[in-house]
Structures are given as structure tokens and as C-alpha cells.
Amino acid sequence: MSITRIQVGPRMSQAVVHGNTVHLAGQVAANPEGASVGAQTRDILGRIDALLAEAGSDRSKLLSATIYLTDIATFAEMNAEWDAWVVPGATPARATVEAKLAAPAYRVEIAVIAAL
């Protein structure tokens with residue numbers, strides 16, 4: 001089976017397609033400084049949409065998602081954006097955890113796996 005890497009960098013690729021599966025790297029907001037959890041989540045979900053489209057997939061084909069929050073107290077704020085975005089009836093397996101992220105400005109990170 002072939003492997004296709006999308007937006008390849010020196011440390012990681014933003015997406016990797018293997019067989020009929022698309023694995024996205026954890027996505028963070030492009031401009032996180034001062035942005036709310038809701039705003040960061042909206043930005044991230046847009047980035048996920050773009051990467052899935054580039055790979056030949058979309059959010060209706062999500063298999064799993066892992067969401068990292070720097071403060072679990074913002075769970076409802078993040079979920080408000082997630083619930084408006086996710087396709088009803090096509091929700092993925094999901095885990096949400098509280099964790100430190102790569103930089104203090106980042107308050108949310110989301111990684112997904114989708115089918116092609």
C-alpha cells in the first residue's frame with residue numbers, strides 16, 4: 001500500500017494517507033494569542049476541513065478524534081463549536097483530555113483520523 005504525505009515538514013506531516021485512512025497531525029489555531037477556546041476550536045475545525053479535503057475526505061468520514069484542552073473547565077465552550085460542526089449521525093469515537101500544549105497561547109489541539 002502506498003503512503004501519501006500532505007504538507008510535509010522537517011518534523012512532521014500535517015496529514016498522512018495510508019490505504020483508505022487519513023491521519024491528521026494535532027491541529028492548533030493559526031493565531032491563538034488572546035483567542036477564546038471557542039474561537040480556537042472554530043479555527044482548528046476549519047483547518048481540519050481543509051486538510052481532509054486535500055486528502056480526498058471530509059468530516060462525514062471521521063473515525064476518531066482526540067481533543068486536548070489546557071483547562072477541562074472549557075469543555076462546554078469547545079463542545080458548542082464541535083457540536084455545530086460535526087455531522088449528525090456520523091460522529092466519531094472521541095476522547096477529550098486536559099493537557100499542557102506546546103505553547104501557552106494554545107488552548108485547544110485536535111487530532112483526527114478519517115476514512116477516505
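So, how many bridges join strand 2 to strand 3? Four, and the two strands run antiparallel. One of the pairings is valine 17 with valine 22 in strand 3.

Quick housekeeping: this is a predicted model, where local features need pLDDT of at least 70 and side-chain atom pairs count only at pLDDT 80 or more, while totals for chains, interfaces and linings use all residues. Residues are numbered from 1 along each chain as its sequence is written, and side-chain values use heavy atoms, with hydrogens and water left out.

Okay, the sheet. It's open, six strands, order 1-2-3-6-4-5, with mixed pairing (strands are DSSP E runs of at least two residues, helices H or I runs of at least four, numbered from the N terminus; two strands pair if DSSP finds at least two bridges between them). Strand 1 (3-8) and strand 5 (93-98) sit at the edges, each pairing on one side only.

Now the core. The largest nonpolar core, meaning buried Ala, Val, Leu, Ile, Met, Phe, Trp, Tyr and Cys residues joined through side-chain atoms within 4.5 Å, has 24 residues, and Leu24, Ile48, Trp82 and Ile110 touch the most other members. Helix 1 gives the most, seven residues.

Last stop, serine 57, in the loop between helix 1 and strand 4. Buried or exposed? Buried, at 8% relative accessible area; the cut-offs are under 20% for buried, over 50% for exposed, partly exposed in between, with a 1.4 Å probe and protein chains only. The serine 57 side chain reaches the backbone oxygen of alanine 115 at 2.5 Å.

Notes:
Polar contact = N/O pair within 3.5 Å; in protein donor to acceptor, adjacent residues only side chain to side chain.
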